[in-house]
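Notebook open, structure loaded. I wanted to look up a few strands, one histidine and the nonpolar packing.

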Amino acid sequence: MTIHVSEEVRYPPRELDFSRNIDRRLVHRSAVSEVFLTDILPVGKDRVWCAAQLPLTHSYYNDHLQPARLFDPVLMVECCRQAAIAGSHFHMEIPEGTTMIVDNFEYKADRLPGAVIERGPGELCIGTSFFKETSPRTGRLRKGRVEQQLYVNGSLVGLHTMRTSFLKDNQAAALRHSQRGTPAPLTSQFQEGTPPSLTPALVGRSNPANVVLSQPLTDSDTIRAKVTPWLGNKALFDHDYDHYPAMTLTEAARQLALLGVADPREYHPTTFAADFLSYAELDFPLTARAERSDSDTSEPHTTAVFEQSGREIARISVSLRHTEGVR
């Protein structure tokens, strides 16, 4: 993935504010505690800067066993998602009642020293450029792309791109119904149950509530597991969903990658590349298959293939890096 950062947009034109959260509705969140953006500043045409405060004690994003204390790359992707949504509403005038569907994203963060957690919360600045694709017939916005650069405490730490589709809420509901033939159930219609029984340490976690896999099976270089996140995890399910969201599948891909290494405590994800082909339904079994694509033990690379009802619905590649020497 290559994203060029031009000199004139490298830094925001003023200091961004980290003192309070922005309106939770701008990032499609129910709980204020799940809002990480603190400021949004439009600059130029189709570009915004966003500020985000990275937490130190979050029950999900800070639940890791690695001795190298690094900000969670999945948290970084979530902040990018929030910046893209807020920027779309705030700067591109996307109306309320619009569903944004993630088609694919890529995240690369190979500058690990810049992501080390210090004494205070991290101050993340995200520069976002928007690229619109409109319908030639109606002129309505149908698809969009964002390119984002991430700076923590002034140091460039990552790059992110994402492609999305835009539908009115009633159009999205009609699409879901036509694909399934029946209305899609909501997470609130299911019993929360209990967290998966997989030992959390096997996927680099300490809290069972943050485990999203169960019943792993290893066959040669292939690992298979069921995707069974706990619906009571409000970091993953902040509000009602009629499917497993993209960030839940991303977490599953991360955990599959960590299952494939000898000691998950020694590795940190540095890249994600995700393609979402269809919705991950809540009421059908969902499995994931991860295959190693190389034998490099210092930077193992895996691809998680998600399958449901006999077809592939998503594919997420994850690269890990050994964190020796990063503290």
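I started with β5 and strand β6 (residues 155-168), which pair in the antiparallel sense over ten bridges. Strands here are DSSP runs of E, at least two residues, and helices are runs of H or I, at least four, numbered from the N terminus; two strands pair if DSSP finds at least two bridges between them. I noted that this is a predicted model, where local features need pLDDT of at least 70, side-chain atom pairs count only at pLDDT 80 or more, and totals for chains, interfaces and linings use all residues. Residues are numbered from 1 along each chain as its sequence is written, and side-chain values use heavy atoms, with hydrogens and water left out.

The β5-β6 hairpin has two residues between its strands, and Asn-153 in the turn shows a positive phi of about 50 degrees. On the other side of the bookkeeping, β4 (residues 122-134) pairs with β5 (residues 141-152), antiparallel, over eleven bridges. I then followed Gly-144 of β5: Lys-132 stands opposite Gly-144, and in β6 the bridge partner is Thr-164.

Next I checked His-243, in the loop between β8 (222-227) and α3 (246-259). Is His-243 buried or exposed? His-243 counts as buried because its relative accessibility is 19%, and the cut-off is under 20% (exposed is over 50%, partly exposed in between; 1.4 Å probe, protein chains only). Leaving out residues up to four places away in sequence, His-243 touches Arg-176, Tyr-279, Ala-280 and Leu-282, contact meaning heavy atoms within 4.5 Å.
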